[in-house]
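User: Could you take a close look at one part of this model for me? I would like to follow a buried side chain and its surroundings, and then see how a neighbouring topic, the strand and helix packing, is laid out.

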Amino acid sequence: MGGLIYQLKSIWKDKFCIMSFLLPIIVAFVLNFVGMIDFSTLSEFHFGVLQDDLPAQTVLWLERYGSVTEYKTQEELRAAVNEPSTNLIGIEAEGNGIQTMLSGDEMDLWRQTADTLPSLYMECENTEEIKATVLDRPDFMEGFQNIFIAATLIVAMFMGCTFNAMSMIEEKENGVALVNQILPMKRSQYIVQKIFVGFVCGGLSAVLTACLCFRATPRNTLLMLALIILSAFAAALAGLFIGRFSESLMSGVVYIKIVLIVFIAVPLLSYLLGADGFALVFCYLIPSNATFEGIMSLASGTEQVVIKDIFILMAHCLVWFLIYLSISKQKNL
């Protein structure tokens with residue numbers, strides 16, 4: 001017990017570890033705040049018309065598709081259309097129809113809308129006879145927010161790797177590792193101390209982050225807790241490997257950054273590119289891929305996939321733990 005207390009004290013003296021612990025929680029606060037912001041207006045169409053140029057019913061027709069702003073002169077309308085910070089579509093009367101005005105720097109969706117709008121207006125009398133059902137506009141930020149949440153949770157779980165690696169490297173540089181080799185401490189006690197500290201700190205950071213990001217049912221909460229426990233344990237094991245093979249603080253920091261990039265990049269690419277077959281099996285060699293998939297499945301309500309990911313993480317924890325035990329038997333601690 002005294003060894004565990006010593007390990008915890010040494011961790012809380014390291015500003016790098018404290019920052020690593022708090023960073024995912026701060027990001028979770030930001031994501032939680034961003035989720036309260038309504039981004040629906042960003043995808044709304046904006047039309048600019050000349051005052052008294054279009055019939056009132058035409059203006060009402062345009063308001064069905066977006067906001068309409070009236071301008072007093074042609075120069076004001078053109079200036080608003082050419083403003084780089086907007087996607088304003090200028091509307092002018094042309095005979096019995098309308099014509100659109102663009103600056104040329106709009107997004108494809110706005111250009112396609114501007115091209116289609118005149119012909120759509122000509123058919124508006126026929127479309128009035130059609131009964132339309134207006135659907136709720138989906139939140140286009142929701143899918144991205146789930147990806148950000150999953151990536152933040154992976155970083156939080158990864159903190160156990162940072163704690164263990166930095167602790168072992170500092171012991172090497174301060175000579176404590178040499179003292180540990182002559183102390184009457186079993187190899188199993190040393191491994192338990194190192195894994196426990198990284199596992200608890202990484203798991204606690206991930207739990208706090210998950211509490212800020214997720215509002216889950218009791219069953220999903222248990223599944224999320226299982227993902228956090230196994231992922232934090234796997235990350236703590238990764239920290240042991242980095243700490244053992246790092247000869248200096250700089251090399252350790254480099255290894256930590258490489259592993260962190262791999263832990264985040266592989267699941268993101270696998271998800272965004274839709275990896276399957278052999279590519280998906282290869283991605284599962286990285287523990288964080290199963291973690292990311294499990295979190296995204298919980299967000300979408302697919303529990304069967306989460307259970308599969310839990311078994312994959314269990315296999316990772318067992319295999320890497322046995323590998324580290326076999327390596328530690330060949331060398332002193």
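Analyst:
**A close look at Ser-231**

Happy to! Leaving aside residues up to four places away in sequence, Ser-231 touches Met-157, Thr-291 and Leu-313. Keep in mind that this is a predicted model. Ser-231 sits in helix α10, which spans residues 218–245. Is Ser-231 buried or exposed? Its relative accessibility is 6%, and because the cut-off for buried is under 20%, Ser-231 counts as buried. The side chain of Ser-231 also has a polar partner in the backbone: one of its polar atoms lies 2.7 Å from the backbone oxygen of Leu-227.

Now to the strands and helices you asked about. Strand β1 (residues 45–50) pairs with strand β2 (residues 66–71) in the parallel sense, over six bridges. Between these two strands the chain passes through helix α3 (residues 56–63), and the resulting β-α-β crossover is right-handed. Within the pair, Phe-47 stands opposite Val-68 of β2.

Helix α4 (residues 74–82) is another element to look at, and its buried residues are Leu-77, Ala-80 and Val-81. Viewed down the axis of α4, these buried residues fall within an arc of 100 degrees, so they line one face of the helix. What do they pack against? The buried residues of α4 pack against β1 and β2, and also against β3 (89–94) and β4 (97–101). The paired strands β1 and β2 are thus among the elements that α4 meets through its buried residues.

Notes
Residues numbered from 1 in each chain as written. Predicted model: local features only at pLDDT ≥ 70, side-chain atom pairs only at ≥ 80, totals over all residues. Heavy atoms only, no water. Pairing = 2+ DSSP bridges. Helix = DSSP H or I, 4+ residues; strand = E, 2+ residues; numbered from the N terminus. Right-handed = clockwise from strand over helix to strand, strands pointing away. Buried < 20%, exposed > 50% of the residue type's maximum accessible area, 1.4 Å probe, protein only. Arc of directions from axis to C-beta. Contact = heavy atoms within 4.5 Å. Polar contact = N/O pair within 3.5 Å; in protein donor to acceptor, adjacent residues only side chain to side chain.
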